Structures are given as C-alpha cells and as structure tokens.
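Subject: Structure handover

Hello,

Please find the structure below, with the sequence. My notes follow it.

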Amino acid sequence: MAFELPDLPYAHDALASKGMSKETLEYHHDIHHNTYVTTLNKLTEGTEWADKSLEEIVTGTYDKTAIAQSGLFNNASQHWNHAQFWEMMGPDASTMPSELEAALKESFGTIEKFKEDFSAAGAGQFGSGWAWLVKDSDGGLKITKTENGVNPLCFGQTALLGCDVWEHSYYIDFRNKRPAYLANFLDNLVNWENVASRM
Ligand SMILES: [Fe+2]
C-alpha cells in the first residue's frame, strides 16, 4: 500500500507566533516531506518492500557499515522522522508531565542541563541531521545526534523527542542561527505531553 503524507496536526500558521512560520511549514511539510513520501512510493512499488511497514523498511534497509545510506533508506527514514517531528510540536503552551520531568532530572541532573546537552547535540551535528532524546534498550534516557535521515529505530532505541537540524527546518525563520532555532524549539515548540506519551 502506498504511503501517504500525514496532515499537519495543526494549521500551517499555528506555530508562527512561536517561531516556526507558515512559510517554513509550507515548504517543510508540503514540499520536503511530501517529496520523501512520493519518492519512497516510487522506490518501493513492485518490490519486496511494497507491503512492509515504514518501520520495517527503515530497520531492514539501514546499513551500519555503509558510508552513505541507500535512497530507499533515506526516504523511508525521513518520512518516519518528519511524521514524528510534526507530532512532537504544538501550538499550545505545554507543561512537562511530572514523570518526564523526573526522568530527565534523573538522567541529566536538571531540565536546563538536558536542554543544554540536546542543543549542543543539534548544533554539533555537522551538516544535515537530527538531535534526539531517546530511551535506550536498557531503559535509560540518552541524547544522540544522527546524520541525514538516520534515526533511533536503527539502533533499537525509542525516539522520545527529535529536532530536525536540516537547514530547510530553520533557514527561513532563523537563517544560519541553528543554536537559536534549537533554543526556540525547546522553549516554545515542543509538545511535552507527546514526548511523555512515548516513554
Ligand atoms: Fe526536514
């Protein structure tokens, strides 16, 4: 079955007052994400992957020994990554559920230190990629960064929070200031209830 672009869970202009403009979401969701979906459908049509789930394609095509991943992996993983990313943000002020706050404090000491480490991962990712808060296979929380479309599924981790640090995610609103985009993401855009629901 063909994959479909999910609707944004809010209007295109819903995040504008919080630092992610309508123009960014029009390009990022309607054009970039849509291109991953249509390319993924072209690459899977008539192949052994056509009836597989998105997660099966991501984990089944990830090559940990490769310098560069295949087009099939890249488009499948970027479809998955973006579908999660839209859900991880929201237009309403979100308070951090107490169980998430406690888990972050246990792993990182303070919420500020968590934000600092997450931002440093995103700012330190050379070129395109993602910063993540993951639940590792041992149950512990960890901050990671990945290049291009690589995501926590590749390492058997659960993605609790991901931030897209490809330039297409921030260049319209923040130009080259990736650290400012990351700080705004953490302070104003994250839907912490969604993050907690992934634990
Ligand atoms: Fe993106």
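I will begin with one tryptophan. Trp132 counts as buried, because its relative accessibility is 1% and the cut-off for buried is under 20%. The residue belongs to strand S1, which runs over residues 129-135. Trp132 and Met20 stand 112 residues apart along the chain, and their C-alpha atoms are separated by 19 Å. Please keep in mind throughout that this is a predicted model.

The two annotated domains

UniProt, in an unreviewed entry, lists two domains that matter here. The record gives "domain: Manganese/iron superoxide dismutase N-terminal" for residues 3-89. In the model, that stretch is 55% helix and 0% strand. The C-alpha atoms at the ends of residues 3-89 are 22 Å apart.

The record also gives "domain: Manganese/iron superoxide dismutase C-terminal" for residues 98-198. Here the chain is 50% helix and 21% strand. The end C-alpha atoms of residues 98-198 are 14 Å apart.

The iron site

Which protein residues are the donors of the iron ion? They are His28, His82, Asp164 and His168. The three histidines each use NE2, and Asp164 uses OD. These donors lie 1.9 to 2.1 Å from the iron ion. Along the sequence the spacing of the donor residues is H-x53-H-x81-D-x3-H.

The angles among the 4 donor atoms run from 90 to 138°, and the site is irregular. The reasoning is short: four donors count as tetrahedral if all angles lie between 85 and 135 degrees, and the range at this site reaches 138°. For orientation, ideal angles are 109.5 degrees for four tetrahedral donors.

The UniProt record (unreviewed entry) places a "binding site" feature at His28, His82, Asp164 and His168. These residues are spread over 141 residues of sequence, yet they cluster in space, with a largest C-alpha distance of 12.1 Å.

Are the donors His28, Asp164 and His168 buried or exposed? His28, which sits in helix H1, counts as buried because its relative accessibility is 0%. Asp164 and His168 are buried as well.

How the helices pack

Two packed helices are described by the angle between their axes and the distance between the axes. Three pairs are worth a look.

The pair H1 and H3: helix H1 covers residues 22-44, and its axis lies 9 Å from that of H3, at an angle of about 140°. H1 is therefore oblique to H3. The crossing in which H1 passes H3 is left-handed.

The pair H2 and H3: helix H2 is residues 54-61 and helix H3 is residues 71-87. Their axes are 9 Å apart and the packing angle is about 135°, so H2 is oblique to H3. H2 also passes H3 in a left-handed crossing.

The pair H5 and H7: helix H5 spans residues 111-124 and helix H7 spans residues 178-189. The two axes come within 9 Å and cross at roughly 140°, which means that H5 is oblique to H7. This crossing of H5 and H7 is right-handed.

Leu54 is a residue of helix H2. It is buried, because its relative accessible area is 11% and buried means under 20%. Leu54 and Thr158 are 104 residues apart along the chain, with 15 Å between their C-alpha atoms.

Two loop residues with positive phi

Where is Asn148? Its place is in the loop between strand S2 (141-147) and strand S3 (158-164). Its phi is near 50°, a positive value in a residue other than glycine. Asn148 is partly exposed, because its relative accessible area is 37% and partly exposed lies between 20% and 50%.

Arg175 is in the loop between helix H6 (167-174) and H7. Arg175 is not a glycine either, and its phi is positive, at about 50°.

To look at the model yourself, start at the iron ion and find its donors His28, His82, Asp164 and His168. From His28 you can then follow helix H1 to the place where it packs against H3.

Regards

Terms used. Residues are numbered from 1 along each chain as its sequence is written. This is a predicted model: local features need pLDDT of at least 70, side-chain atom pairs count only at pLDDT 80 or more; totals for chains, interfaces and linings use all residues. Side-chain values use heavy atoms; hydrogens and water are left out. UniProt positions are given in the numbering used here, feature names are shortened, and annotations may be inferred rather than shown by experiment. Helices (H or I, at least four residues) and strands (E, at least two) are DSSP runs, numbered from the N terminus. Donors are N, O and S atoms within 2.8 Å of the metal (3.2 Å for Na, K and Ca); water is not among the atoms, so sites may look incomplete. Four donors count as tetrahedral if all angles lie between 85 and 135 degrees; four count as square planar and six as octahedral if opposite donors are over 155 degrees apart and all others between 65 and 115; anything else is irregular. Buried means under 20% relative accessible area, exposed over 50%, partly exposed in between (1.4 Å probe, protein chains only). Axes are lines fitted to C-alpha atoms, for helices over the stretch in contact, and angles run from 0 to 180 degrees between N-to-C directions. Angles under 35 degrees count as roughly parallel, over 145 as roughly antiparallel, 65 to 115 as roughly perpendicular and the rest as oblique. A crossing is left-handed if the near helix is turned anticlockwise from the far one by less than a right angle, and right-handed if clockwise.
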